2 protein chains.
Amino acid sequence: MARASTTSDAFNAIAEPARRAVLEALRGGEATVGAIVEAVGLTQPQVSKHLKVLREVRLVSTRPVGKERLYRIDAAGLRVIHDWTGTFAAMWNQRLDRLDDVLSELDRGPSRPNSRTKGNHR
Amino acid sequence: MARASTTSDAFNAIAEPARRAVLEALRGGEATVGAIVEAVGLTQPQVSKHLKVLREVRLVSTRPVGKERLYRIDAAGLRVIHDWTGTFAAMWNQRLDRLDDVLSELDRGPSRPNSRTKGNHR
DNA sequence: TTGACATATGCTGATATCGGAATATGATTG
DNA sequence: CAATCATATTCCGATATCAGCATATGTCAA
């Protein structure tokens, strides 16, 4: 097999820097494709393609206005990612708590075991 | 060109469901490769490869203990993603504020223009 | 040193994905 | 209807990425 289906979820959609740029261009509110093209500095077909992906994973929605199309962020999908990463939030404090352990271990080197270091994890 | 370099940042790393599973397996704390293999139900080489990617983007760190290797989450990378998605947090409320506008527009249909609907964007 | 165990790496083939250029679709205006 | 403007789609070649399998590296114990 090849890479797992990419166009299928929000995690994959925001893996592409260009698509993150498009989302950032929409942070201010609705925008037209042309406006996005200007904002991100890509060609129009590229932007349209990225918008298609973002549409398919429901990260943006669109509505026609005359010959233009206004895109806006559908934040629910981003929220999923925000929430998922948030489930690890406890660890980016814990990490600091354990930092001294790690550092002392490095200083000491793995060759000199220490009663406190061993057996106090968890 | 092909796909933008994938192994280079955390956004891409978590695009792979298998890698998210590995991270989830590490949510409880440190774990051995073998333990991760059991938890996620992939082959050992696959897990090792995914761990390599996660290592390269600094989403996990590792330390050797005997013949085993203990992996742990390095949450800083996840925090970057959490923060980035968080910059859109304002919108997943705003969306509800605008919901009635959108709905009434759909009910009415684009065929019947309305003074309030047209011209009040922006 | 040899063997057993844990983990990492290399190779291969299949495929999704990207950028680029050309072109198609759709809507508005005259 | 024809022209124009905005956006979408298609075709292409290049390539990174994945899974699977085999094998290499590293560590401990006898």
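Helices here are DSSP runs of H or I at least four residues long, and strands are runs of E at least two long, both numbered from the N terminus. On that count, chain A of this predicted model comes out with 6 helices and 3 strands. Read from the N terminus on, the elements of chain A go α-α-β-α-α-β-β-α-α. Chain A has 122 residues, of which 26% count as buried. Long-range pairs matter in the tally of contacts: among those in chain A with a separation of 6 or more, 49% are between residues 24 or more positions apart.

The strands come next, starting with chain A. Strand β1 (residues 31–32) of chain A is joined to strand β3 (residues 68–73) of chain A by 2 bridges, and the two run antiparallel. One can pick this pairing up at A31(A), whose bridge partner in β3(A) is Y71(A). Strand β2 (residues 60–65) of chain A also runs antiparallel to β3(A), this time with 6 bridges; here S61(A) has R72(A) as its bridge partner in β3(A). The link between β2(A) and β3(A) is a hairpin with 2 residues between the strands, and G66(A), in the turn, has a positive phi of about 65°.

In chain B, the 3 strands make an open sheet in the order β1-β3-β2, with antiparallel pairing. That leaves β1 (31–32) and β2 (60–65) of chain B as the edge strands, each pairing on one side only. Between β2(B) and strand β3 (residues 68–73) of chain B there are 6 bridges, again in the antiparallel sense. Within that pairing, T62(B) finds its bridge partner in Y71(B) of β3(B).

Just ahead of β2 sits a backbone oddity. R58(A) is not a glycine, yet has a positive phi of about 65°. The residue is found in the loop between α4 (44–56) and β2 of chain A. R58(A) has 14 C-beta neighbours inside 10 Å, so it counts as partly exposed. Chain B has its own case: R58(B), not a glycine either, has a positive phi of about 65° and lies in the loop between α4 (44–56) and β2 of chain B. With 14 other C-beta atoms within 10 Å, R58(B) is partly exposed.

As for the interior, the largest nonpolar core has 45 residues, and those with the most contacts inside it are V22(A), L59(A), I73(A), L59(B) and I73(B). L59(A) gives a feel for how such a residue is placed. Leaving aside residues up to four places away in sequence, L59(A) touches A10(A), A13(A), L23(A), L54(A), I73(A), D74(A), G77(A) and L78(A). One of these, I73(A), is itself on the list of residues with the most contacts inside the core.

How do the two chains relate? Two copies of a chain are related by a rotation about an axis and a shift along it. Here, a turn of 180° and a shift of 0.0 Å along the axis lay chain B on chain A with an RMSD of 0.0 Å. That is the relation of a two-fold axis. In chain B, the C-alpha nearest the axis belongs to H82(B), at 2.5 Å from it. Both copies use the same surface, with 89% of the contact residues of chain B recurring in chain A.

The contact itself takes 28 residues from chain B and 27 residues from chain A. On the side of chain B that touches chain A, α1 (10–13), α5 (76–86) and α6 of chain B each supply at least two residues. The largest share, 7 residues, comes from α5(B). By type, the residues on this side of chain B divide into 15 nonpolar, 7 polar and 6 charged.

W92(B) offers a closer look at the contact between the chains. The residue lies in helix α6 (residues 91–108) of chain B and, not counting residues up to four places away in sequence, touches A75(A), A76(A) and R79(A). W92(B) counts as partly exposed because 17 C-beta neighbours fall inside 10 Å, whereas a buried residue needs 20 or more. Within chain B, W92(B) and A21(B) are 71 residues apart along the chain, and their C-alpha atoms are separated by 26 Å.

How values were computed:
Residues are numbered from 1 along each chain as its sequence is written. Chains are lettered from A and ligands numbered from 1 in the order in which they are written. This is a predicted model: local features need pLDDT of at least 70, side-chain atom pairs count only at pLDDT 80 or more; totals for chains, interfaces and linings use all residues. A residue is buried if 20 or more other C-beta atoms lie within 10 Å of its own, exposed if 12 or fewer, and partly exposed in between; C-beta atoms are placed from the backbone. Two residues are in contact if their C-beta atoms, placed from the backbone, lie within 7 Å. Two strands pair if DSSP finds at least two bridges between them. Copies are superposed by least squares on the C-alpha atoms of residues with pLDDT of at least 70 in both. A nonpolar core is a set of buried Ala, Val, Leu, Ile, Met, Phe, Trp, Tyr and Cys residues joined through C-beta atoms within 7 Å. Ala, Val, Leu, Ile, Met, Phe, Trp, Tyr, Cys and Pro count as nonpolar, Asp, Glu, Lys and Arg as charged, and the others, Gly among them, as polar.
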